[in-house]
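Let's walk through a structure together, one feature at a time. The learner asks how to read each feature, and the teacher replies.

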Amino acid sequence: MNGFDTIPRDKLPELLRTAPKAELHIHIEGSLEPELIFKLAQRNGVALAYPTVEALRAAYAFTDLQSFLDIYYAGASVLLKEQDFFDMAWAYFERAAADNVVHAELFFDPQTHTARGVDIGTVIRGLHHACQRAQAELGISAALILCFLRHLSEDDALATLDAALPYRQHFVGVGLDSSERGHPPEKFARVFAKARELGLHLVAHAGEEGPPAYIESALDVLKVERIDHGVRCLEDPALVQRLAALRMPLTVCPLSNVKLCVFKDLSQHTLPALLEAGLCATVNSDDPAYFGGYLNQNLLETFAALPQLGAAQAYQVLRNSFEASFVSADQRAHWIAQLDAAFGAAAATPVPR
Ligand code: HPA
Ligand code: ZN
């Protein structure tokens with residue numbers, strides 16, 4: 001694969017923790033920890049359905065995507081002011097820095113906030129300021145991706161894109177999230193065509209709970225450059241071949257998949273099969289405050305649970321995270337050189353006898 005399979009397994013956790021990495025699938029509203037939800041609720045005078053942090057956390061027992069989304073949208077109801085959006089994103093960046101995330105592309109859901117009367121500018125300005133400060137103070141490169149909620153209409157998505165246009169320079173792409181089943185990508189053909197004309201990058205959640213056909217229509221109709229999740233592609237061998245030939249990135253989220261019952265446990269996760277098939281799979285945290293961990297936790301637990309995953313696969317998923325990112329070729333090469341150095345040093349250290 002890449003020569004790093006000589007690195008012993010006991011070196012993997014440290015290597016995974018310290019290597020540079022990019023995160024490409026993180027819903028910033030899903031990084032809102034219960035403690036911050038309560039703090040913002042108090043600051044803004046918003047009533048919560050749970051009396052304590054512990055009671056809220058105890059409700060994080062999900063049976064599928066929708067059972068999660070109901071609680072996730074309720075949690076986001078405490079976000080009202082620009083400072084709230086800044087505080088949420090800053091808390092994420094501090095955790096990302098601890099995981100040696102050097103680049104992050106953050107999803108945000110404007111419709112979750114505009115539906116409550118929050119101006120879209122308030123949302124974008126708060127998040128953008130956090131991105132600027134992450135670069136200045138933590139050395140993290142960050143970009144925003146505006147997601148449309150697929151349970152709402154395409155007209156609502158079109159109005160949202162229009163409303164965001166005064167802030168066009170503050171986001172690099174558009175995505176598609178929320179309830180997948182019954183809301184196929186083709187429902188959003190026009191708004192993605194418009195985003196494409198505007199020069200925005202295009203991504204969409206597909207094949208998390210929805211069928212492989214949704215991955216195909218995300219490619220064919222929406223013309224996306226990455227598939228978010230995409231794990232159900234394995235049900236269609238011809239699709240797997242197509243995705244591999246295109247080097248189409250899949251932003252896989254292992255802890256999310258277990259929490260939302262896509263897989264029974266991490267030992268059942270198909271990340272090894274995706275990599276074996278030559279797919280450009282990456283590892284991401286999705287909604288870390290709800291699913292049990294940030295990026296390094298996802299990497300460490302997944303590699304610990306699956307014996308087929310060793311240092312060669314660790315290098316591959318981290319390299320894929322840079323290959324799949326929306327950055328310049330120079331920037332990408334710079335991070336890949338750092339990654340090569342980290343793995344090269346681990347491979348060069350003699351194994352004690
Ligand atoms: N899937 C779909 N929509 C979402 C998710 C997810 O995992 N997280 C936040 N919105
Ligand atoms: Zn997601």
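What follows is a short dialogue on fold, metal site, cavities and backbone.

Q: Before we start, what kind of model is this, and how are residues, chains and ligands numbered?
A: It's a predicted model, where local features need pLDDT of at least 70, side-chain atom pairs count only at pLDDT 80 or more, and totals for chains, interfaces and linings use all residues. Residues are numbered from 1 along each chain as its sequence is written, chains are lettered from A and ligands numbered from 1 in the order in which they are written, and side-chain values use heavy atoms, with hydrogens and water left out.

Q: How many helices and strands does the protein have?
A: Helices (H or I, at least four residues) and strands (E, at least two) are DSSP runs, numbered from the N terminus. Here that gives 17 helices and 8 strands.

Q: What does the radius of gyration say about the protein?
A: You take the radius of gyration over C-alpha atoms and hold it against the globule rule, 2.2 Å times the number of residues to the power 0.38. For 353 residues a compact globule would come out near 20 Å, and the protein has 19 Å, which agrees. The C-alpha trace spans about 65 × 40 × 40 Å along its principal axes.

Q: What share of the residues is buried?
A: Buried means under 20% relative accessible area, exposed means over 50%, and partly exposed is in between (1.4 Å probe, protein chains only). By that yardstick, 58% of the 353 residues are buried. One of them is A164, in helix α8 (residues 154-164), which counts as buried because its relative accessibility is 0%. G126, in helix α7 (residues 120-138), is also buried, with a relative accessible area of 0%. F171 sits in the loop between α8 and β4 (173-177) and counts as buried because its relative accessibility is 1%. The C-alpha atoms of F171 and H128 are 8.5 Å apart, with their positions 43 residues apart in sequence.

Q: Which residues are the protein donors of the zinc ion (ligand 2)?
A: Donors are N, O and S atoms within 2.8 Å of the metal (3.2 Å for Na, K and Ca), and water is not among the atoms, so sites may look incomplete. In this case the donors are H25 (NE2), H27 (NE2), H205 (NE2) and D286 (OD), lying 2.0 to 2.2 Å from the zinc ion. Their spacing in sequence reads H-x1-H-x177-H-x80-D. The pair H27 and D286 links distant parts of the chain: H27 is in strand β1 (residues 21-27), while D286 is in the loop between β8 (280-283) and α14 (288-291), 259 residues apart. H27 is buried, at 5% relative accessible area, and D286 is buried too, at 2%.

Q: What geometry does the site of the zinc ion (ligand 2) have?
A: Four donors count as tetrahedral if all angles lie between 85 and 135 degrees; four count as square planar and six as octahedral if opposite donors are over 155 degrees apart and all others between 65 and 115; anything else is irregular. This site is irregular, with angles of 82 to 175° among its 4 donor atoms.

Q: How many cavities of 30 Å³ or more does the structure hold?
A: Rolling a probe the size of a water molecule over the atoms shows where empty space is left. On a 1 Å grid over the protein atoms alone, a cavity is a set of points where a 1.4 Å probe fits but cannot get out, and lining residues have an atom within 4 Å of a point. Grid points are joined across faces, edges and corners, and a volume is the space filled by probe spheres set on the points. The structure holds 2 such cavities. The largest has about 110 Å³ of space. Of its 16 lining residues, the closest to its centre are H27, L65, F68, L69 and D287. Helix α4 (residues 65-75) gives the largest share of that lining, 5 residues.

Q: Which residues line the second largest cavity?
A: They are K21, A22, V283, L295, L299, V317, L318 and S321, around a volume of about 40 Å³. The largest share, 3 residues, comes from α16.

Q: What is the sign of phi at R247?
A: Most residues other than glycine have a negative phi, and most peptide bonds are trans. R247 has a positive value, near 50°, and is found in the loop between α11 (237-246) and β7 (249-252). C261 also has a positive phi, about 65°.

Technical notes. On a 1 Å grid over the protein atoms alone, a cavity is a set of points where a 1.4 Å probe fits but cannot get out, and a pocket is an open set with protein on both sides within 12 Å along at least five of seven lines; lining residues have an atom within 4 Å of a point.
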